[in-house]
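Trainee: Before the bench work starts, I would like to go through this model with you. Can we take the chain pairs one at a time?

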Number of protein chains: 4
Amino acid sequence: MTTHDSPIQLKAVSAADQPDVTPALQELYRGFEQELLVPLWTEIGDLMPAQPRSRAVPHIWRWENLLRLAEQAGDLVPVGRGGERRAIALANPTLVGRPFATPTLWAAIQYLMPGEDAPEHRHTQHAFRFVVEGSGVWTVVGGDAVPMNRGDFLPQAGWNWHAHHNATSEPMAWIDGLDIPFQYANEAQFFEFGREEISDAERITPERSRSEQLWAHPGLRPVGVAHTAPGSPLLAYKWEYTDRALTDQLELERAGHPGTVEPGHAAVRFSNPVDGSDVLPTVRAEFHRIARGAETTPVRETGSSVYQVFDGAGTVTVGDETWSVTRGDLFVVPSWQPFSARSEAGMSDSDSGALDLFRFSDSPVFEALRLDRTQKDA
Amino acid sequence: MTTHDSPIQLKAVSAADQPDVTPALQELYRGFEQELLVPLWTEIGDLMPAQPRSRAVPHIWRWENLLRLAEQAGDLVPVGRGGERRAIALANPTLVGRPFATPTLWAAIQYLMPGEDAPEHRHTQHAFRFVVEGSGVWTVVGGDAVPMNRGDFLPQAGWNWHAHHNATSEPMAWIDGLDIPFQYANEAQFFEFGREEISDAERITPERSRSEQLWAHPGLRPVGVAHTAPGSPLLAYKWEYTDRALTDQLELERAGHPGTVEPGHAAVRFSNPVDGSDVLPTVRAEFHRIARGAETTPVRETGSSVYQVFDGAGTVTVGDETWSVTRGDLFVVPSWQPFSARSEAGMSDSDSGALDLFRFSDSPVFEALRLDRTQKDA
Amino acid sequence: MTTHDSPIQLKAVSAADQPDVTPALQELYRGFEQELLVPLWTEIGDLMPAQPRSRAVPHIWRWENLLRLAEQAGDLVPVGRGGERRAIALANPTLVGRPFATPTLWAAIQYLMPGEDAPEHRHTQHAFRFVVEGSGVWTVVGGDAVPMNRGDFLPQAGWNWHAHHNATSEPMAWIDGLDIPFQYANEAQFFEFGREEISDAERITPERSRSEQLWAHPGLRPVGVAHTAPGSPLLAYKWEYTDRALTDQLELERAGHPGTVEPGHAAVRFSNPVDGSDVLPTVRAEFHRIARGAETTPVRETGSSVYQVFDGAGTVTVGDETWSVTRGDLFVVPSWQPFSARSEAGMSDSDSGALDLFRFSDSPVFEALRLDRTQKDA
Amino acid sequence: MTTHDSPIQLKAVSAADQPDVTPALQELYRGFEQELLVPLWTEIGDLMPAQPRSRAVPHIWRWENLLRLAEQAGDLVPVGRGGERRAIALANPTLVGRPFATPTLWAAIQYLMPGEDAPEHRHTQHAFRFVVEGSGVWTVVGGDAVPMNRGDFLPQAGWNWHAHHNATSEPMAWIDGLDIPFQYANEAQFFEFGREEISDAERITPERSRSEQLWAHPGLRPVGVAHTAPGSPLLAYKWEYTDRALTDQLELERAGHPGTVEPGHAAVRFSNPVDGSDVLPTVRAEFHRIARGAETTPVRETGSSVYQVFDGAGTVTVGDETWSVTRGDLFVVPSWQPFSARSEAGMSDSDSGALDLFRFSDSPVFEALRLDRTQKDA
């Protein structure tokens, strides 16, 4: 027989909808507890709410604080086997001390000192890197050295061997996104250590990865190479292309043609060139540009998101919270909380006056299981 | 700004792989805590284990105990709006008092007194009923009265209006399975109350539901009716067909032809006739028959299962636990725990000597997100 | 250089839309002919019509004539290797002597004498049998003996070994449907001879095939057996189930519920239990029942159909043709020709007064390639 | 009753496998003919061959001849409503005078004089343009002006309005590929005339179409625009990208990494960015580069292809035919005929010495219907 450290604590059940607490009922509840049973009627309000009521709250983390602490960690905490990565994760205030940005998503700042390597490993957790500033690190994926530069998005589907290598004399920071909380909740995780050191051949620093040579050509796929593993075979989505796609959408809008999500709001989704699906089976990644002076319609969605401000400045509203934001700031949008953003050119030194937002979410989970809902609060 | 009741508790970090705890490091960790950050290197062992390490444990609930307590609840707890259902859920010992059989699955015994109705509602949680014994209740789904008899499986995809109606002079018990924990973790839930009372026209007690008239014909689909909503349009999978399918597989095996999973082990999956997929987007349901004297190969799978013994007797092994089981017993198999079953004819009064097991699991979630793995421990 | 027996015959081009035929133009056309070229402008009306204009015409074949000739063939033409089958195919009058019922579909009466075998072979052409009357033949598919009785539908996806065996003292006739014309036009055909004789073990005459034991259970699929080959693994769709499904639809209609295609018109589609798709990749098969006194709305569809009257009597209209029909009659509906049917109880000795029609068509081809269109001429 | 101009001509049936021709048999055959029936046993060898035996033959058309005749047509044949396009189609020698390059594919040279317009229309036939030389024409698709330059591939899925506009003072030629024969055989065609003249606003000559602004960004898709119609929303695949993708594959090969189809043989497939499928539902389009001195392995495939030499020179072998080829030459590969190509640098003035081949085929039809087979004759 298994032991249980956490005996069932029945909630007070004298609420209007609950039966009167008689000695007989108390006896029944003791019987439930003894047999490891819990009645629905005392829990239904919490378990089956009228609409999603997230255990997470809206929250913002300021880039300057993150970066400062990451720099200190760079001095104090070595990178190596066991700890694996100098990554510091956002912990949503109400997710009881867990390093979970939302109930399903992990977001962390990772920091690598000049010349440092983060050792090779692989795991079923789906991951990506996004670079808000800096350069000089190459992520080596299955022997393919992928450069990381400002604006680049690097998906890393589960179970690929990977290491990081800082080839320069400057430290570099970026953010990691993963589905760690989702896989933790669902208990799907596998993890393996790889080689202690990457080879000299992998310490090369090409401008383009081999994955880009194969897959980063618009509308073209290689005939000689199949890709059936989960997630995108394209390991870097370079800023140059993302920026141009967003610029093109706003240009189409100015010329009177469809293209944007709504007036002044351009957006692209990073997609798997094999089948057009999301880059990762459990994580959607998008880039949103709110043009100078534009504002988005408040939208609620099932599932949660993490945003990072890439450029510009503005104001974002998540549920009851409103924050002024600037480059690097990270904030979360819990399930079914309305979200909107407004660019504020005056606050920014960006030429365009646009507010550029990187976003990732757990939407593919909801869509695959047909649990997705969206509502505009216009 | 949001408050947070649960300040981050950093774990002890003096383990071999951790940096030495110096005053500077303590200062850094205080900085993390203040900024709602948690380092990966102190958590990685818990969050990213080498293989799934479930927070749930194997456990068994005995039907006689469940039924006894449900009968008592029948006397003491009314069924009505607010509490909605007289359902009593299995609470896995290590899931901290939550009424969760596994991290993703809910299993409960529901009990309805003679003449009682459970009021109409709908919710996004995907549900089903399975009847281990008894009869007399009709589940009214969107106005379609579906009878419930021993061995019947009734899927109930999310967002369908439904009520229960006991049309007889006997109480009836059955089990409910739902994805409540999964949707709770992912925060996808919507819920609506329906009518207080079903109409007299819905109090009819047909032997077959309208859904069966349309969809329970092997390999045949109606041309005039489309079904695009999630989950199966067939609202009852009658025992007669399930039993015959299992019997046929064992007969094929005896005649030397493929059909069974392995020697003496027949199994069918309840499927959506529209596209052959699982009956519910998040829940798989199967029926397994272990022939007299047969034993199954231990198998590990990502994701968790709940089993109910439908008939016969035998021994089941889940991880380190082994139990003798008989009709109605419910037990859980946590993620990646090896499971095997053996029929023991001598223990049973069943004619065939077979051990009949109903099973449901969260496998569709893992397959849709490409997180499924299976390993035979043969 | 290849020779060509069929020199290009340019059509007269003095029509209104054509350029004037000058000596220079004649010279140009001679140049085209010499280089094996044909201008679009002389052909466009034929090749790219405003709507499908079938090369086939509506036509009906009377069962009594087919059966009489098949019986004569039974006396005169042996069945054996080389000719393979005593099958006599419908040749649409305007398809220039080709044994093609429509541009894509083949329909034939096949006839087997008492004790006769049709030798084993396999081909990529997708096929089925449908039995309008009689019994006594088993089709042996990959060693699985499948009985054939009135009303049964037996799909036979491409590349399965198959033979026929008449186990009785009576001859038997049935119809074969295949995609021979489609594969002939597209040049996808492979064909192999199998064993000269089937084994004694295959001469058994079970009431149910093994495929039915595995797959003919409504909404249930075997867990232990995968099926990834094209087409349905279920080798017989028995009349008992088809009849019941149609009866149920009309009963639902009488009770005021959805189910039929339109008033008095019930219909089921034979489907692949693996994924709910059509039974064969290139052929759709359906059964339609027009209740006593009912009439269907004229419908046009891209693609062609062949119908066989299974029971009852009535009137059918295809384009400009209207025929009185009775048991066994076969008729074709070319692409985009409107089709409707009316049951006429007085003409029939059927108890129900319904007109029962078996139909097969090339619709899966059109749907897979997104060329399907439907128009009601109501 | 319908008449039939083409009475059935039974073939001689005195072959080894056929029954002896007795008076009774002749009488039976007359009965068949009268009832519009044809026996399988006289036709099976033609209809169900052991492997595909194409009615088409390998053939080559020389670009210089095509261009010369197109130029003459430019002088003699006006472009306008009715004839619609100055397109001159390849007529396979053995396809009886039909302008069909293969049984399923249409290939034509189209020619537009300076300042000329080809009027707007739409049709269900799926089409594309490929430009082997020249520039100056814009194809206006649904109001979007798409430039055409050497090396560009422009898909045109069915039922889109389109017109052509030569905005320059030079004539321009290109090739059109369509599934006209396939849709002719299957009778799926619809056709509508559009406006007589395109508007001045559509006479603009942008360097990039609006479709490219939305869809030609590698791995990125617009969030605000859905595309559910058949075929690719990207209306131009520019040579710059195709060339770079091929160059990259050969560079990967030189560095020892996977990427090419086989040594010295790079290839890309034009794909639909929405879902990674073929650009057109019935037509596959690819670009193959055979490096200096390389040779491809002979391959047989079900279905047929048309190739155009884009650059370089070499030798191609199709079945029993071998041709030296140079820029612009078009040749066909019938179903199941082995095909291989060899680059011959000495014959070419191309710098790289590579043989560049554009290819289109009917492969999506075969794959959708699971009739695809491939065999390497290595």
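Trainee: What turn lays chain B on chain A?

Mentor: This is a predicted model. The shift along the axis is 0.0 Å and the superposition has an RMSD of 0.0 Å. The turn that lays chain B on chain A is 180°.

Trainee: In chain B, which residue has the C-alpha nearest the axis?

Mentor: The distance from the axis to that C-alpha is 3.1 Å. The residue in chain B is Ala368(B).

Trainee: What percentage of the contact residues of chain B recur in chain A?

Mentor: The same surface serves both copies. The share of chain B contact residues that recur in chain A is 100%.

Trainee: How are chain C and chain D related?

Mentor: Chain C superposes on chain D with an RMSD of 0.0 Å after a rotation of 180°, with 0.0 Å of shift along the axis. The two copies are therefore related as by a two-fold rotation axis.

Trainee: Which residue of chain C comes closest to the rotation axis?

Mentor: Its C-alpha lies at 3.1 Å from the axis. The residue is Ala368(C).

Trainee: What area is buried between chain C and chain D?

Mentor: The contact takes 102 residues from chain C and 102 residues from chain D. Carbon and sulfur atoms give 66% of the buried area. The area itself is about 8600 Å².

Trainee: Which residues of chain C lose the most area to chain D?

Mentor: Together they account for 9% of what that side buries. They are Leu47(C), Glu187(C) and Phe190(C).

Trainee: Are helix 1 of chain C and helix 3 of chain D roughly parallel or roughly antiparallel?

Mentor: Helix 1 of chain C spans residues 23-34 and helix 3 of chain D spans residues 63-76, and their axes are 10 Å apart. They pack at an angle of about 155°, and angles over 145 degrees count as roughly antiparallel. The two helices are therefore roughly antiparallel.

Trainee: Is the crossing of these two helices left-handed or right-handed?

Mentor: On the chain C side, the residues that meet helix 3 of chain D are Ala24(C), Leu25(C), Leu28(C), Gly31(C) and Phe32(C). Their partners in chain D are Leu69(D), Gln72(D), Ala73(D) and Leu76(D). The residues of this contact divide into 7 nonpolar, 2 polar and no charged. As for the crossing of helix 1 of chain C and helix 3 of chain D, it is left-handed.

Terms used
Residues are numbered from 1 along each chain as its sequence is written. Chains are lettered from A and ligands numbered from 1 in the order in which they are written. This is a predicted model: local features need pLDDT of at least 70, side-chain atom pairs count only at pLDDT 80 or more; totals for chains, interfaces and linings use all residues. Side-chain values use heavy atoms; hydrogens and water are left out. Axes are lines fitted to C-alpha atoms, for helices over the stretch in contact, and angles run from 0 to 180 degrees between N-to-C directions. Helices (H or I, at least four residues) and strands (E, at least two) are DSSP runs, numbered from the N terminus. Angles under 35 degrees count as roughly parallel, over 145 as roughly antiparallel, 65 to 115 as roughly perpendicular and the rest as oblique. A crossing is left-handed if the near helix is turned anticlockwise from the far one by less than a right angle, and right-handed if clockwise. Contact means heavy atoms within 4.5 Å. Ala, Val, Leu, Ile, Met, Phe, Trp, Tyr, Cys and Pro count as nonpolar, Asp, Glu, Lys and Arg as charged, and the others, Gly among them, as polar. Copies are superposed by least squares on the C-alpha atoms of residues with pLDDT of at least 70 in both. Buried area is the accessible area (1.4 Å probe) that two parts lose on being put together, summed over both.
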